Amino acid sequence: MKFENIKFKETKMPKGIQSLLMFGDYELSIVQSDFSYGGKQGLYEIAVMKDDAQLEMPGITQEGDTVKGFLSESEVEVIIKKMHLMSGADPEAV
């Protein structure tokens with residue numbers, strides 16, 4: 001999935017944008033706001049979730065961390081590709 005194909009929705013609190021992509025049982029949240037890591041610089045933050053709980057995802061987030069920030073559009077595309085390979089599922093917008 002190319003970055004330009006990601007559908008973002010506006011968020012009110014905090015004010016910004018978010019996209020949720022499902023990969024089978026996993027959900028990838030992509031956000032940009034004044035409170036997200038890198039949001040003020042126009043960069044993105046991601047979190048991986050399963051059963052409504054954030055979790056570490058080796059190869060995507062660091063050990064002991066469930067959020068990865070300061071990501072460019074191309075870095076978000078790479079994470080989407082990794083999620084596809086790890087889950088075996090195509091991304092579906094929520």
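**Figure 1. The loop that holds P14 in the predicted model.** P14 sits in the loop that links strand β1 (9-12) to strand β2 (15-23). The peptide bond between M13 and P14 is cis, with omega at about -5 degrees. Most peptide bonds are trans.

**Figure 2. S29 and its surroundings in strand β3.** Strand β3 covers residues 26-33 and includes S29. The relative accessible area of S29 is 8%, so this residue counts as buried, the cut-off being under 20%. The S29 side chain forms a polar contact of 2.8 Å with the side chain of Q18. With neighbours within four places in sequence left aside, S29 is in contact with Q18, S19 and L20, and also with E45, I46, A47 and M49. Q18 therefore appears both in this contact list and as the side-chain partner of S29 in the polar contact.

**Figure 3. D52 in the loop between β4 and β5.** The loop containing D52 runs between strand β4 (44-50) and strand β5 (53-55). D52 is not a glycine, yet its phi is positive, near 65 degrees. Most residues other than glycine have a negative phi. The relative accessibility of D52 is 77%, so D52 counts as exposed, for which the cut-off is over 50%.

**Figure 4. F70 in strand β6.** F70 belongs to strand β6, which spans residues 67-71. F70 is another residue other than glycine with a positive phi, here near 60 degrees. Its relative accessible area is 48%, and F70 is therefore classed as partly exposed, between the 20% and 50% cut-offs.

**Figure 5. E56 and the loop between β5 and β6.** E56 is located in the loop that joins strands β5 and β6. Its relative accessibility of 39% makes E56 partly exposed. The side chain of E56 reaches the backbone nitrogen of G64 at 3.0 Å. Not counting residues up to four places away in sequence, E56 touches T61, Q62, E63, G64, D65 and T66. G64 thus enters the view both as a residue touched by E56 and through its backbone nitrogen. Between the C-alpha atoms of E56 and V67 the distance is 8.0 Å, with 11 residues of separation in sequence.

**Figure 6. The whole chain, for orientation of the close-up views.** The chain contains one helix and seven strands. From the N terminus on, the order of elements is β-β-β-β-β-β-α-β. The C-alpha atoms fill a box of roughly 30 × 30 × 25 Å along the principal axes. The radius of gyration is 12 Å, which agrees with the value near 12 Å for a compact globule of 94 residues. Of the 94 residues, 36% count as buried. Among contacts with a separation of 6 or more, 41% come from residues 24 or more positions apart.

**Figure 7. Surface and charges of the chain.** The chain exposes about 6000 Å², of which carbon and sulfur atoms supply 50%. There are 10 positive and 16 negative charges, and their mean positions are 6 Å apart.

Methods. Residues are numbered from 1 along each chain as its sequence is written. This is a predicted model: local features need pLDDT of at least 70, side-chain atom pairs count only at pLDDT 80 or more; totals for chains, interfaces and linings use all residues. Side-chain values use heavy atoms; hydrogens and water are left out. Helices (H or I, at least four residues) and strands (E, at least two) are DSSP runs, numbered from the N terminus. Buried means under 20% relative accessible area, exposed over 50%, partly exposed in between (1.4 Å probe, protein chains only). A polar contact is a pair of N or O atoms within 3.5 Å; within protein, one must be able to donate a hydrogen and the other to accept it, and residues adjacent in sequence count only if both atoms are side-chain atoms. Contact means heavy atoms within 4.5 Å. The radius of gyration is taken over C-alpha atoms; the globule rule is 2.2 Å times the number of residues to the power 0.38. Accessible areas come from the Shrake-Rupley method with a 1.4 Å probe; for residues, only the protein chains shown count as cover. Lys and Arg count as positive and Asp and Glu as negative; His and the chain ends are not counted. The place of a charge is taken as NZ of Lys, CZ of Arg, CG of Asp or CD of Glu.
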